[in-house]
Amino acid sequence: MSYYSFEDMNVWKLAMEIAERVFHLTAALPRSEDYGLTSQIRRSALSIFANIAEGFGRSTSLDKKKFYTIARGSIFETKSHLIYGCNVNYFEESKVRALNETIDKSLLELHKLIKSLEPKTQP
């Protein structure tokens, strides 16, 4: 599928939703976490949609794939921070479970996007 703007990409929309939900989820964290978990998880969530947008703006498939792959890594980093937040009772499991559903959708779409950029092999 061809897009005129990264804003039209469903994967970018999902990534933006993840970042917004992470922001609201972390708003109630203790001030002692401002430079710890709060900062880390927000930065990793922001990195997802930012790298998708940057990849969109690149001209070669190889460059695009590089940034989309970085975005995928940021999704896993965000998910890892969410697990930690649950383990130390900062986050409600039900909220994280719901957010993880969006994360999983985003991962699937990003995986398809990355695969579409790989060179086609001849049989």
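In the predicted model, Ser74 is in contact with Ser44, Ser47 and Ile48 once its neighbours within four places in sequence are left aside. Ser74 is placed in helix H3, and a relative accessibility of 5% classes this serine as buried. The residue that follows is part of the same description: Ile75 also lies in helix H3. Because its relative accessibility is 1%, Ile75 counts as buried. With residues up to four places away in sequence not counted, Ile75 touches Ile48, Ile103, Ser106, Leu107 and Leu110. Ile48 thus appears among the contacts of Ser74 and among those of Ile75. Between Ile75 and Ser5, the separation is 70 residues in sequence and 21 Å in space, C-alpha to C-alpha.

The setting of these residues is a helical protein, with secondary structure that comes to four helices and zero strands. Read from the N terminus, the order of elements is α-α-α-α. The C-alpha trace spans about 55 × 25 × 20 Å along its principal axes. Of the 123 residues, 39% count as buried. The exposed surface of the protein amounts to about 7,600 Å², of which carbon and sulfur atoms supply 54%. Among contacts between residues at least 6 apart in sequence, 70% join residues at least 24 apart.

Helix H1 comprises residues 10-26, a run of 17 residues. From first to last C-alpha, H1 reaches 24 Å, close to the 24 Å expected at 1.5 Å a residue. The buried residues of this helix are Val11, Trp12, Leu14, Ala15, Ile18, Ala19, Val22, Leu25 and Thr26. These residues lie on the same side of H1, because they cover an arc of only 160 degrees around the axis. In general, an α-helix has 3.6 residues a turn, so residues three or four places apart point the same way. The packing partners of the buried residues of H1 are helix H2 (37-57), helix H3 (61-87) and helix H4 (93-116).

The largest nonpolar core contains 30 residues. Within this core, the residues with the most contacts are Ile52, Tyr68, Leu82, Phe91 and Leu110. The elements that contribute two or more residues to the core are H1, H2, H3 and H4. For Ile52, the contacts beyond four places in sequence are with Met9, Val11, Trp12, Ala15, Tyr68, Ala71 and Leu110. Val11, Trp12 and Ala15 from this list are among the buried residues of H1. Leu110, a contact of Ile52, is likewise touched by Ile75.

Aromatic contacts were examined next. The count of aromatic pairs comes to three. One of the pairs is formed by Phe6 and Phe56 in an edge-to-face arrangement, with 6.4 Å centre to centre and 70 degrees between the planes. Phe6 lies in the segment before H1 and Phe56 in helix H2, so the pair ties together parts that are 50 residues apart in sequence. Both members are classed as partly exposed, Phe6 with a relative accessible area of 26% and Phe56 at 22% relative accessibility. Another edge-to-face pair is that of Trp12 and Phe49, with 6.2 Å centre to centre and 85 degrees between the planes. This pair links distant parts of the chain, given that Trp12 is in helix H1 and Phe49 in helix H2, 37 residues apart. Trp12 counts as buried at 13% relative accessibility, and Phe49 is buried with a relative accessible area of 16%. Through ring pairs, Phe6, Trp12, Phe49 and Phe56 are linked into a cluster. Trp12 in this cluster is also one of the residues touched by Ile52.

The backbone of Asn89 was considered separately. Asn89 is placed in the loop between H3 and H4. Its phi is near 65 degrees, a positive value in a residue other than glycine. Most residues other than glycine have a negative phi. Asn89 is exposed, because its relative accessible area is 67% and the cut-off for exposure is over 50%.

Key:
Residues are numbered from 1 along each chain as its sequence is written. This is a predicted model: local features need pLDDT of at least 70, side-chain atom pairs count only at pLDDT 80 or more; totals for chains, interfaces and linings use all residues. Side-chain values use heavy atoms; hydrogens and water are left out. The expected span of a helix is 1.5 Å times one less than its number of residues. Buried means under 20% relative accessible area, exposed over 50%, partly exposed in between (1.4 Å probe, protein chains only). The arc is that of the directions from the helix axis to the C-beta atoms. Contact means heavy atoms within 4.5 Å. A nonpolar core is a set of buried Ala, Val, Leu, Ile, Met, Phe, Trp, Tyr and Cys residues joined through side-chain atoms within 4.5 Å. Accessible areas come from the Shrake-Rupley method with a 1.4 Å probe; for residues, only the protein chains shown count as cover. Rings of Phe, Tyr and Trp (its six-membered ring) pair if their centres lie within 6.5 Å; planes under 30 degrees apart count as stacked, over 60 as edge-to-face and the rest as tilted.
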